[in-house]
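Please examine the model shown here. The report concerns one helix, the internal spaces, the surface pockets and one acidic residue.

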Amino acid sequence: MLAFDQSVIAEPLYLNDLPAVQALERLRSRHPVLDRLLDPARTTPSALGDAVAAMNLVSWEFEETGAGGRGAAYNQAQRATDNRAPGMAALLRLFSPGFDRIPGPDTLLLDVLGGDGTLARFVAGLDAPGPVILSADLSRLMVEACLARGLPALRQSATHSLIRDQALDGVLIAYGSHHLSDDDRPAAVAEAFRTLRPGGRLVLHDFETGGGTARWFDRVVHPWSRTGHPHRHFTRSEMFGLLTAAGFRDVRVMDIDDPFTLHGPDAAAARDALLDHLDRMYDLVGAGDTPASRRARIAAALPDTLGAIRVAPSAHGWTARLARTALVAIGTRSMPGGEGD
């Protein structure tokens with residue numbers, strides 16, 4: 001009878017049916033940028049085992065349908081990588097000194113809640129070379145989808161990064177920050193501070209408590225989504241307090257325009273593409289039994305939450321736009337000795 005290593009089988013799986021040590025070795029060979037980013041102390045077998053076991057225990061919302069998650073529907077929605085193009089471009093500009101341009105390839109950004117790499121794919125489609133994006137996510141399904149597209153990605157928690165101290169030019173926590181619990185929010189901001197080089201910048205994005213987008217989540221997503229939405233959004237004072245408590249300087253909180261933008265060959269097709277995107281992105285199985293019935297019910301819920309869909313001719317044929325206003329906090333890690341304070 002052939003012998004086999006029981007200890008390997010007992011290890012919690014990290015990615016692609018591999019334990020973390022083997023998976024990270026494969027990632028290093030495919031994405032050499034990780035060699036200079038990974039923290040040796042956080043990537044020992046024992047440290048990785050504890051981290052992966054913790055992630056496997058809590059990650060379900062963006063995993064497979066069989067695990068109760070909505071990851072498959074979410075990934076399908078993200079096939080259109082420009083579905084939030086104005087907002088993603090605005091977030092990227094916040095990493096430039098004057099908030100007026102998208103940084104170039106000499107800037108390394110960590111997308112903490114990167115999902116299946118939507119932001120990285122958006123950057124790859126820009127006319128000019130953009131920043132290097134390293135995607136990260138708690139969900140194994142999300143990170144595997146990102147890696148399958150040839151993009152560098154890590155499976156890690158927002159509160160426990162595998163990246164070494166002062167390694168990054170920028171950290172983005174966006175499009176899912178409300179999934180962080182009250183206890184996790186300070187820890188995630190502290191991890192961003194730890195991993196940023198002096199002068200590096202954190203951008204924290206979510207939607208303001210009590211606003212139209214928060215009402216959309218409360219009145220539509222929570223009752224109709226496969227996973228519900230039992231998550232609290234952010235206030236301006238909370239965002240400001242989180243960044244200042246972590247040690248960031250020049251902290252400011254602002255609104256940005258962050259609409260959904262979907263396209264079609266005619267006005268009706270563009271409108272349907274936007275409604276279908278909302279359906280898939282939030283997996284709104286409770287809205288109806290067919291795509292058409294879900295579109296109708298979602299459309300009826302928009303006036304009292306996100307507002308009306310606007311459709312107009314564009315370079316894409318026709319573009320349907322659904323307005324959202326996002327709340328964003330920006331902070332900079334001080335230079336050594338407080339230089340620049």
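The sections below describe a predicted model.

## Helix H11

Helix H11 covers residues 267-282. At 1.5 Å a residue, its 16 residues should span 22 Å, and the C-alpha atoms at its ends are 23 Å apart, which agrees.

At the N-terminal end, H11 is capped by Asp266, with a side-chain oxygen 3.2 Å from the backbone nitrogen of Ala268. Just after the helix, Asp283 adopts a positive phi of about 50 degrees.

The buried residues of H11 are Ala270, Leu274, Leu275, Asp276, His277, Leu278, Asp279, Met281 and Tyr282. Their cover includes four helices and strands named here as examples: helix H4 (71-77), helix H9 (212-224), helix H12 (291-301) and strand S9 (260-264). Strand S10 (309-314) and strand S11 (317-322) are also among the covering elements.

## Cavities

Rolling a probe the size of a water molecule over the atoms shows where empty space is left. In this model there are two cavities of 30 Å³ or more.

The largest cavity contains about 120 Å³ of space. It is lined by 13 residues, of which Arg84, Asp111, Leu113, Leu119 and Tyr175 are the closest to its centre. Helix H5 (85-93) and helix H6 (118-124) each contribute at least two residues to this lining. By class, the lining of the largest cavity has eight nonpolar, three polar and two charged residues.

The second largest cavity holds about 70 Å³. Among the residues lining the second largest cavity are Leu110, Val112, Ala136, Gln156, Ser157, Val171 and Glu191. Helix H8 (residues 184-195) gives the most to this lining, with four residues. Seven nonpolar, four polar and one charged residue make up the lining of the second largest cavity.

## Pockets

The largest pocket encloses about 850 Å³ of space. Of its 41 lining residues, Leu113, Asp137, Leu138, His179 and Leu180 are the closest to the centre. Two elements, helix H3 (45-58) and H11, give two or more residues to the lining of this pocket. The greatest contribution to the lining of the largest pocket is that of H3, with six residues. The lining of the largest pocket comprises 22 nonpolar, twelve polar and seven charged residues. Leu113 is thus named both for the largest cavity and for the largest pocket.

The second largest pocket has a volume of about 220 Å³. Its lining consists of Phe95, Ser96, Pro97, Arg101, Pro103, Asp106, Thr107, Asp169, Arg197, Gly199 and Arg201. Strand S7 (residues 196-206) supplies the largest share of this lining, three residues. By class, the lining of the second largest pocket divides into three nonpolar, three polar and five charged residues.

## Glu238

Glu238 is part of helix H10 (residues 236-246). Is Glu238 buried or exposed? Glu238 counts as buried because its relative accessibility is 18%, and the cut-off for buried is under 20%.

Which residues are in contact with Glu238, leaving aside its neighbours within four places in sequence? The contacts of Glu238 are with Arg185, Arg232 and His233.

Terms used. Residues numbered from 1 in each chain as written. Predicted model: local features only at pLDDT ≥ 70, side-chain atom pairs only at ≥ 80, totals over all residues. Heavy atoms only, no water. Expected span 1.5 Å × (residues − 1). Buried < 20%, exposed > 50% of the residue type's maximum accessible area, 1.4 Å probe, protein only. Contact = heavy atoms within 4.5 Å. Polar contact = N/O pair within 3.5 Å; in protein donor to acceptor, adjacent residues only side chain to side chain. 1 Å grid on protein atoms, 1.4 Å probe; cavity = no way out; pocket = protein on both sides within 12 Å on 5 of 7 lines; lining within 4 Å. Points joined across faces, edges and corners; volume = space filled by probe spheres on them. Nonpolar A, V, L, I, M, F, W, Y, C, P; charged D, E, K, R; others polar.
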